[in-house]
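Thanks for passing this one along; I enjoyed going through it. Here are my notes on the sheet and what packs against it, as numbered points.

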Amino acid sequence: MSPETWYQDAATFSWKGQDIIYKQSKSDKPWLVLIHGFPSCSFDWWKIWDQLSEQYNLIAPDMIGFGRSAKPIDFDYSIRAQADIHLDLIDKLGINKFHILAHDYGDTVTQEIMARELDGADWKTLSVCLLNGGIFPEVHKPLLIQKLLMSPIGFLLSKMMNEKKLDKSFSRIFGPNTQLTKEELHEYWELLAYNNGHRLAHKLIWYMQERADNRERWVGALQQYKGKIGIINGPVDPISGGHMVDHYKELVSTENIWLLENIGHYPQVEDAEGVLKAYEEFVAV
């Protein structure tokens, strides 16, 4: 599927004067919110969208600064703002109970949503399932480029970002047998660069510092969560693969964990069938 096809039936809602693009599969089935990662967008879910929509009413926004949503230069990008967007959209659609399937940056947005539920909310998450993501800052292993984007030269690196550099980064985090094709990489680059979004990388990347600053709140949300929680992980991911799962077992739970052999950082892209099977088993537990 091309991005053009993916966004053909996308909708828009205005959030604080900014256009947020989202996909929705309209039905009377239970709600499942899909929360994407960095530096991609809702397009990450296209390989599992149709199958999931047979069981769920799906909603998948492009967060602000990502994909086809607004990419304001002077916006204060934060995990809390991204959580606000999801919850405001959920409220707009009249949703009060929903499942979450999240990836990467979206895992952290989910942790903030879980923390707010613990704080008291008039909505309820029915389950949370997390793909590869840096949910524990102490074991997160960012790429060098991610560290540099947070440095004083980060804004220069954002300006210099191009498709070749994206390819170099992605090739390191995808599994050895599940690398993106040139056509797929180009699609990801076009979505990243849409409306000069690549020039925001040094602003968006500060979520890594937010993870450290909010560790107690966000790790605590995982530990105190009362609903069903699970992990589907590509263990060869150098950023948040098997080593993250080991830490999760120590701090949160040893249950509801699925490891996809030879898969890297993007399980839903690299092994759609594996993710669908694992999620089906998670739901059935």
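1. Strand 6 (residues 124-130) and strand 7 (residues 228-233) run parallel, joined by 4 bridges. One pairing to look at on screen is Leu130, whose bridge partner in strand 7 is Ile231. Please keep in mind that this is a predicted model.

2. Helix 12 (residues 242-251) packs on the sheet, where strand 7 and strand 8 are the strands it touches. The direction of helix 12 makes about 155° with that of strand 7.

3. Now for the sheet as a whole: how many strands does it have, and in what order? It is an open sheet of 8 strands, ordered 1-2-4-3-5-6-7-8, and the pairing is mixed. Strand 1 (11-15) and strand 8 (257-259) are the edge strands, each pairing on one side only. On average, neighbouring strands are turned by 25° against each other, with direction ignored.

4. Helix 2 (residues 46-53) also packs on this sheet. Its contacts are with strand 2 (18-24), strand 3 (31-35), strand 4 (57-61) and strand 5 (97-102). Relative to the direction of strand 4, that of helix 2 makes about 155°.

5. Finally, the hairpin at the edge strand 1. Strand 1 and strand 2 run antiparallel and are joined by 5 bridges, with Ala11 standing opposite Tyr22 of strand 2. The hairpin has 2 residues between the strands, and Lys16 takes a positive phi near 50° there. I would enjoy looking at this turn together with you.

Key: Residues are numbered from 1 along each chain as its sequence is written. This is a predicted model: local features need pLDDT of at least 70, side-chain atom pairs count only at pLDDT 80 or more; totals for chains, interfaces and linings use all residues. Side-chain values use heavy atoms; hydrogens and water are left out. Two strands pair if DSSP finds at least two bridges between them. Axes are lines fitted to C-alpha atoms, for helices over the stretch in contact, and angles run from 0 to 180 degrees between N-to-C directions. Contact means heavy atoms within 4.5 Å.
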